[in-house]
Amino acid sequence: MDGQQHWRALFGLLGPHRGRVTAMAAVLTVAGLLPLLGPLLIAAFIDDAAAGRSQSRLLVLAGLYVGVGIVRQFMAVAVAWTATDLAWRVTNELRSTLARHVLGLDLAFHRSTSPGELVSRVDGDVTALSEFMSDFAARAAAALVTLAGLLAVVLWRSWPVGIGLGIYLSLAIGTMYRLRNWAVAEAASEQAATGRMLGEVEERLTGADDLRSNGGGSHAVATFQRASAAVLRSSLARERQSVGLWVMSNIVFVVGGLMVLALDAALLRRGTITLGTAYLLFQYTQVLRGPLDRLSDETERVQRAAGGMKRTLELLDEESAISNKGTEHLPSGALELNLDSVRFEYADEDNPIPVLDGLSLSLAPGESLGVLGRTGAGKTTLARLLLRLVEPTEGSIQLGGVPLHEIDLVELRYRTGVVSQDVHLFAASIRDNLTLFDHSISDDEVRSALEALDLLDWVEAMPEGLNTELGPGGSGLSGGEGQLIALSRLFLRSPDFVLLDEASSRIDPETEARVTHAIDRLLAGRTAVVIAHRLSTVARLDEILVLDDGRVVEHGRTADLRIDENSHYAALLAVGSNSVLDEVVS
Amino acid sequence: MTDMNNSQIQPFRFGWLTGTFRARLWGLSWVLWAAFFLLPLWTGWLLKLVFDALTTDDSIAGLLVMLGISEAVRWVVFAAAVYFVVRWWVSALTMIRTNMLDAQTASGGPRAATLPDSPAEAISRFSDDARDTVMWTDSWLDGAGYLTYAIGALMVMSTIDVRAAFVVLLPLVLVTVITRLLTPRLYAARSADRRATGRVTSFLGETFSGMLAFRLAGREEAAINQLEQYTAVRRRTAVSDTVLRQAIDGISSSTADLTIGLMLLVLVPSVRSGDLSVGDLALFVVYATQLGELPRYVARIITSREQAIVSYERMGEMVAHGHLADVVDHRPVTIEPNEPNLKRDPDPLRVPLERLEVRGLTVRYGSNGDGITDIDLAFERGTFNVITGPVGSGKSTLLRAIVGLLPADGAIFWNEEELADPAAWFVPPNAAHLAQVPRLFSESLTDNIALGRDTTNLSSVLDLTTLSRDLDAMPDGLNTMVGARGLRLSGGQAQRVAAARSLLTNPELLLVDDLSSALDVTTERELWDRLRTIGSTTVIAVSQRQLAIDRADQVITMAEGRVVSIVRK
């Protein structure tokens, strides 16, 4: 990536905030010019004293000095206010953009990146940017104003010194500008090391129970320290660069100060300047030194921000393997499903293993299909293919007669619905868990969806109805109740194709009755594929497909298979138990 | 947080413990920072000589060379100081983080603690809060360096003009008073900002882990809208925090201007009489400018103390209740390049199990809100015990209570000896617990199974759990990285890895919470049979499968948190 790209991207973010940027520029201009007044007053003080002016005149100059100091501080607060507000407005927009982008990335990306690391990239890196803008960039802009004013004053006092100082300063600033990317790579790798370390911590905390009961705590601590050792290595590398940068900026300054003093001596000897002006010229090199020293102290911040911007742009460059280029529309009503010799293998391995092979089937609109098979038979992969979370390696899948990848993705998501075994619940109200934070859905709509599934009484029996708050990860609800939430989520949208990954176990009888009833309501009039774990569910579906080792070993109408005594399904029925489903199938 | 806990935070003691964690590095940092701050005293004096020479038309070439050399020395001192400070800084951070991680993952013992909030939220305690407390200790270096400079500068000034030196001190008093008045508000603003940040990060964490829920429902925009509500709140809290901080900082640095102004007022007579040279004036301005920054350093120490108190409090919630000082406990940290990696602690000694007995075990709130009441059970050595019963009857809660993952009333006896701390006792090789939904970590398969233990027994547990078959298909075999949270493995593989983890030490007691989704029937049957032939492991398994019940020596049926029947064969 070229070095300027991340800075240009950063400025691009300011675009929509022109009004606020202008206001800030005005505040910065005043704040930047104020530091120039002090040395002017002292120079006048020295010259007036040497010229033997009145005591009251000297006292006025000293009093003015105090007044300027007070005004300066009010301006500093004004700068902090405007700059912080602007910085957070801009970066909050960036956070939203990033979060939206990350939500759109494919499963492979989310599998290789922990949520903790993503939080660090979407919030941590961007916060570094925001601190950069509010603390560093504002101060740097004020320093630039100071610089311009300073040149103007010096030119007025002694134009040869002014021209000399101008040439020198442009060289100095050119050097500093060239050094701006001095430690960007080091800062990025320090942040990456920190992100990995924190990602690991998040994972260990999530799995803390497993570590506790398996005596794995000290192992977690040991690997954490290995990750921290990488942080130390990268911090030292980054700090070496920072110190180098600080020294170089100092050399620039000290050389400038010494040159002005030498010039002062020469000009004084010729009598072209007064002692007061000689003092003023030297003092002006100090005026810039304060802010620049502080900016240099914070080059860390610039580097961190540049590293953050770099990583942010990289994240935005990540592309989902699932393209969103489809433009076709689906016919209305229940949708027919066709699979034609579908093969799927994991692409990121050296010798790909087919997970599904030669899978073909047709499901008429409104029909339901139960998929049976033991763990690893390919059921989950089939579900992911149907939802277009992954693409088939070979063959094609059509919904409503349109190949999946040609369907507009938004429409596809709208017209299809899924209830997975692993329902994700949020630490939020039942309402937010149902609407997934979509506040445009009214309570009436939520209630009527619940009513349609006969779940309204269930929700209203909760302590605070729809307002009942769930704990982190949805604690407070059982697995079966999670399924009910997922079924209701689905019903709010009324999709025309439904994929159901039935919960394999762990549902109490009362909840199970509710789930069964809700599923019946949901399946009516919809095309449905059900990854089934219960014979009672399978019996109510139109067709059955048995998978083993990625291949179809049985497919037929439920009614036909029931009477075919050689079928797997008939064998299951003979055992007559729900919980032994996968036993017989295997 | 209650007041009682607040009073336990001793910022100076904790800060001192943070500093002395690497006493040698920290000491060197002190010396070098002091030198770095004292050198400007000398360059200020050289400057006075330069201006005096300019007044009298003497040559200044020699003085300019000396000025240049003094500056160069200062750069070298700075580079060295930074080198030591960074090493100390990262070590201290790692110590604090290690203490929190250790408390969170400890198997019982006095240090163990549980999470106050979600794991994603806890990350801000590992990053921001840890950083703020180390920053607090770090601020002492700056503060002390500056104090040394201030004393030196005042001494030099008073040899030239005592009144000017005295005037310099006046604004400092004013600033200190104003700073003290604003500080409580800063404390409140900082707290609010941290809370707002916590809401943003935990919502982001939940959104990313529940990514599929939003995606498949096409509700990504709703998540973004919710995020925007939280970030807008944080913008406001961040602005209040920054403005207050800047106000305190700003009032402090305005003292430099006030000081110089007051000094000029006092010096008017001596300047007019010629008692004070331009060089003296230049020296005074240089010293006063830097002295005026002293309150800024004092304020930085005060504000970072306030921030550190908030952070100590938040990190205190991560360690055992009432043991706040655990956060800064000196413990082994080996992160320097030449240091050997930290080794895991050895497992406790194996105490062969003859008989396990629980009496009156009661848990009010279990895993899913369902408790257990007054459970009396006994398990004999080498027996296979199955706990069965409907969902929500308390089976998982019972297992988790026995191994100490849930706080429980009642007593547990291991060979007639009552266990004071079950969580510390029920770890390999005495016991292993295989959870219903086990967690894996982004490290190699070997590490996930062995958790740093000796791996001599590895191949036999791979066979036992039929993992060897899966391994053949993986190009990197046992070194395969399983991805974040083990997501590169299939659900069944992940559970078999967890099963291998709990079997590795051939534990005396194995508690298994519903294997049915991990193993197919043949594998499960084989596993139970082989465990029986080994014979020494006592198994307590939650299962609904007939094949498990058929093999059981004791079948315990539970309903509504109570044991309803015990059948021994």
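**A tour from Met263(B) outwards**

Begin by selecting Met263(B) in this predicted model: leaving aside residues up to four places away in sequence, Met263(B) touches Ala164(B), Val167(B), Val168(B), Phe284(B) and Ala288(B).

Now widen the selection to the nonpolar core around this residue, which is the largest in the model and has 256 residues, with Met263(B), Val371(A) and Leu487(A) as those that have the most contacts inside it. To see where the largest share of this core comes from, colour helix H4 of chain A, residues 55-103, which supplies 18 residues. Another core, of 64 residues, lies apart from it, and can be found by selecting Leu398(B), Val403(B), Leu434(B) and Ala552(B), which are among its members.

Next, show both chains and turn to the interface, where 135 residues of chain B are in contact with 129 residues of chain A. On the chain B side, select residues 220-273, helix H8 of chain B, because this helix gives the largest share of the side that touches chain A, namely 30 residues. If you then colour that side of chain B by class, you will find 71 nonpolar, 41 polar and 23 charged residues.

Finally, move to strand E1 of chain B, residues 355-363, which runs antiparallel to strand E2 of chain B, residues 372-380, and is joined to it by six bridges. Within this pairing, select Val358(B) and its bridge partner in E2(B), Leu377(B). E1(B) is also joined by five bridges to strand E4 of chain B, residues 409-414, again in an antiparallel arrangement, and here the pair to select is Leu356(B) with its bridge partner in E4(B), Trp414(B).

Technical notes:
Residues numbered from 1 in each chain as written. Chains lettered and ligands numbered in written order. Predicted model: local features only at pLDDT ≥ 70, side-chain atom pairs only at ≥ 80, totals over all residues. Pairing = 2+ DSSP bridges. Helix = DSSP H or I, 4+ residues; strand = E, 2+ residues; numbered from the N terminus. Core = buried A, V, L, I, M, F, W, Y, C linked by C-beta atoms within 7 Å. Buried ≥ 20, exposed ≤ 12 C-beta atoms within 10 Å, placed from the backbone. Contact = placed C-beta atoms within 7 Å. Nonpolar A, V, L, I, M, F, W, Y, C, P; charged D, E, K, R; others polar.
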